[in-house]
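Hi,

Here is the structure I promised to pass on. Have a look at it first, and then read my notes underneath.

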Amino acid sequence: MTGRVGILLVGYAYGNTLPEDTWFWSSLDGIADPELTRETGARTFWLRELVVRKGYQRQGYAHLLHDSLLAARREERAVLFVRADNPARELYHRWGWSIVGHMPPQPGIPKFEAMLRQRTKVDPSS
(Lines give C-alpha, C1' and ligand atoms only; values in the text may rest on other atoms or scores of the structure.)
Protein backbone atom coordinates (compact mmCIF):
# COMPACT_ATOMS: atom_id res chain seq x y z
CA MET A 1 0.00 0.00 0.00
CA THR A 2 1.32 3.45 -0.83
CA GLY A 3 0.52 6.92 0.46
CA ARG A 4 0.82 9.94 -1.78
CA VAL A 5 0.41 13.69 -1.54
CA GLY A 6 -0.34 14.67 -5.10
CA ILE A 7 2.08 12.61 -7.12
CA LEU A 8 4.75 12.47 -4.38
CA LEU A 9 5.15 9.11 -2.66
CA VAL A 10 5.25 9.93 1.07
CA GLY A 11 5.06 6.42 2.50
CA TYR A 12 4.35 2.76 2.02
CA ALA A 13 3.44 -0.34 4.00
CA TYR A 14 3.44 -3.98 3.06
CA GLY A 15 3.48 -7.50 4.41
CA ASN A 16 2.31 -11.04 3.82
CA THR A 17 0.32 -13.84 5.38
CA LEU A 18 2.44 -16.23 7.45
CA PRO A 19 2.45 -19.73 5.94
CA GLU A 20 1.52 -22.74 8.05
CA ASP A 21 5.18 -23.83 8.20
CA THR A 22 6.58 -20.38 9.05
CA TRP A 23 9.90 -19.86 10.83
CA PHE A 24 8.56 -16.64 12.39
CA TRP A 25 7.69 -18.03 15.84
CA SER A 26 10.66 -20.39 16.14
CA SER A 27 13.00 -17.39 15.81
CA LEU A 28 11.68 -15.89 19.08
CA ASP A 29 12.32 -16.29 22.79
CA GLY A 30 9.76 -15.54 25.47
CA ILE A 31 6.62 -17.04 23.90
CA ALA A 32 4.41 -17.91 26.87
CA ASP A 33 1.45 -19.51 25.06
CA PRO A 34 2.10 -22.30 22.52
CA GLU A 35 -1.31 -21.61 20.92
CA LEU A 36 0.12 -18.27 19.87
CA THR A 37 2.51 -20.00 17.47
CA ARG A 38 -0.10 -22.10 15.65
CA GLU A 39 -0.41 -21.03 12.03
CA THR A 40 -2.94 -22.13 9.43
CA GLY A 41 -1.66 -20.25 6.42
CA ALA A 42 -4.52 -17.77 6.83
CA ARG A 43 -4.35 -16.76 10.50
CA THR A 44 -1.63 -14.10 10.73
CA PHE A 45 -0.59 -11.12 8.63
CA TRP A 46 3.06 -10.08 8.98
CA LEU A 47 3.44 -6.30 8.68
CA ARG A 48 6.95 -6.26 7.28
CA GLU A 49 7.52 -2.60 6.61
CA LEU A 50 5.92 0.77 7.33
CA VAL A 51 7.90 3.77 6.10
CA VAL A 52 7.09 7.48 5.84
CA ARG A 53 9.34 10.05 4.16
CA LYS A 54 11.12 12.27 6.74
CA GLY A 55 9.39 15.51 5.77
CA TYR A 56 5.98 13.84 6.25
CA GLN A 57 6.57 12.10 9.57
CA ARG A 58 4.55 13.07 12.66
CA GLN A 59 1.60 14.17 10.52
CA GLY A 60 -0.56 11.02 10.75
CA TYR A 61 0.53 9.38 7.49
CA ALA A 62 1.99 6.31 9.21
CA HIS A 63 -1.21 5.77 11.18
CA LEU A 64 -3.33 6.14 8.06
CA LEU A 65 -1.17 3.67 6.10
CA HIS A 66 -1.17 1.26 9.06
CA ASP A 67 -4.93 1.35 9.56
CA SER A 68 -5.72 1.17 5.83
CA LEU A 69 -3.46 -1.81 5.25
CA LEU A 70 -4.78 -3.76 8.24
CA ALA A 71 -8.41 -2.93 7.42
CA ALA A 72 -7.95 -4.54 4.01
CA ARG A 73 -6.70 -7.83 5.51
CA ARG A 74 -8.77 -10.92 6.34
CA GLU A 75 -6.41 -12.53 8.86
CA GLU A 76 -7.50 -12.59 12.51
CA ARG A 77 -4.31 -10.93 13.73
CA ALA A 78 -1.10 -9.23 12.66
CA VAL A 79 2.52 -9.43 13.80
CA LEU A 80 5.61 -7.30 13.27
CA PHE A 81 9.20 -6.96 14.36
CA VAL A 82 10.38 -3.66 15.80
CA ARG A 83 13.76 -2.59 17.11
CA ALA A 84 13.58 -2.13 20.86
CA ASP A 85 15.21 1.30 20.49
CA ASN A 86 12.89 2.50 17.69
CA PRO A 87 10.69 5.44 18.78
CA ALA A 88 7.88 3.99 16.60
CA ARG A 89 7.60 1.20 19.17
CA GLU A 90 5.56 3.49 21.41
CA LEU A 91 3.24 4.31 18.50
CA TYR A 92 2.58 0.62 17.98
CA HIS A 93 1.66 0.29 21.66
CA ARG A 94 -0.84 3.15 21.31
CA TRP A 95 -2.25 1.55 18.15
CA GLY A 96 -3.09 -1.67 20.01
CA TRP A 97 0.04 -3.80 19.56
CA SER A 98 1.53 -5.89 22.40
CA ILE A 99 4.99 -7.40 22.78
CA VAL A 100 4.77 -11.21 22.61
CA GLY A 101 8.44 -12.20 22.31
CA HIS A 102 11.90 -11.09 21.30
CA MET A 103 14.65 -12.26 19.01
CA PRO A 104 17.57 -13.78 20.92
CA PRO A 105 20.57 -11.45 21.23
CA GLN A 106 23.16 -11.79 18.49
CA PRO A 107 26.52 -10.02 18.28
CA GLY A 108 26.34 -6.80 16.31
CA ILE A 109 22.56 -7.00 15.76
CA PRO A 110 20.14 -4.67 17.59
CA LYS A 111 17.47 -6.11 19.88
CA PHE A 112 14.18 -6.80 18.08
CA GLU A 113 10.81 -7.46 19.67
CA ALA A 114 7.85 -9.22 18.12
CA MET A 115 4.51 -7.48 18.54
CA LEU A 116 0.99 -8.79 17.94
CA ARG A 117 -2.30 -7.04 17.30
CA GLN A 118 -5.67 -8.74 17.10
CA ARG A 119 -7.70 -7.63 14.12
CA THR A 120 -10.70 -5.53 15.06
CA LYS A 121 -13.81 -7.48 14.22
CA VAL A 122 -16.50 -5.54 12.40
CA ASP A 123 -20.13 -6.41 13.08
CA PRO A 124 -21.70 -6.96 9.62
CA SER A 125 -25.14 -6.01 10.95
CA SER A 126 -24.01 -2.48 11.82
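One cut-off before anything else: a residue is called exposed when its relative accessible area is over 50%, buried when it is under 20%, and partly exposed in between. Please also keep in mind that this is a predicted model.

With that cut-off, R58 is an easy call: its relative accessibility is 84%, so R58 counts as exposed. You'll find R58 in the loop between strand 3 (44–52) and helix 1. R58 also has a positive phi, about 65°, even though it is not a glycine.

Now for the inside. The largest nonpolar core is made of 15 residues, and L47, L80, Y92 and W97 have the most contacts inside it. Strand 3, helix 1 and strand 4 are the elements that each give two or more residues to this core, with strand 3 giving the most, 4 residues. If you centre your viewer on L47 and ignore its neighbours within four places in sequence, its contacts are A13, Y14, G15, H66, L69, V79, L80 and W97. There is another core apart from this one, with 10 residues, including L18, L36, V100 and L116.

H66 deserves a look of its own. It sits in helix 1, and its relative accessibility is just 1%, so H66 counts as buried. Which side chains does H66 make polar contacts with? One is the side chain of D67, at 2.8 Å, and another is the side chain of W97, at 2.9 Å. Leaving out neighbours within four places in sequence, H66 is in contact with L47, L50, W95, W97 and R117.

Next, the charged pairs. As a reminder, side chains of opposite charge can pair when their charged atoms come close. The count here comes to 8 salt bridges, and a few of them are worth clicking on:

- E35 and R43 meet through their side chains, 3.7 Å from N to O. E35 is partly exposed at 37% relative accessibility, whereas R43 is buried, with a relative accessible area of 9%.
- E76 also forms a salt bridge with R43, and here the closest N and O atoms are 3.2 Å apart. This pair links distant parts of the chain, 33 residues apart: E76 is in the loop between helix 1 and strand 4, and R43 is in the loop between strand 2 and strand 3.
- E90 and R89 meet in a salt bridge too, at 3.1 Å from N to O. E90 counts as partly exposed at 40% relative accessibility, and R89 as buried at 17%.

Through shared partners, salt bridges join E35, R38, R43 and E76 into one network.

A bit more on E76: its loop runs between helix 1 (61–71) and strand 4 (77–83). Is E76 buried or partly exposed? Its relative accessible area is 34%, which falls between the two cut-offs, so E76 is partly exposed. Its C-alpha atom is separated by 26 Å from that of P87, and those two residues are 11 apart along the chain.

Last, the surface. L9, Y12 and Y14 make a nonpolar patch of about 250 Å². Of these, L9 is found in strand 2 (residues 8–17) and counts as partly exposed at 30% relative accessibility.

Cheers

Note on methods: Residues numbered from 1 in each chain as written. Predicted model: local features only at pLDDT ≥ 70, side-chain atom pairs only at ≥ 80, totals over all residues. Heavy atoms only, no water. Buried < 20%, exposed > 50% of the residue type's maximum accessible area, 1.4 Å probe, protein only. Polar contact = N/O pair within 3.5 Å; in protein donor to acceptor, adjacent residues only side chain to side chain. Contact = heavy atoms within 4.5 Å. Core = buried A, V, L, I, M, F, W, Y, C linked by side-chain atoms within 4.5 Å. Patch = residues over 30% accessible without salt bridge, like charges linked within 9 Å, V, L, I, M, F, W, Y side chains within 5 Å. Areas by Shrake-Rupley, 256 points an atom, 1.4 Å probe, with all protein chains shown as cover. Salt bridge = Lys/Arg side-chain N within 4 Å of Asp/Glu carboxyl O.
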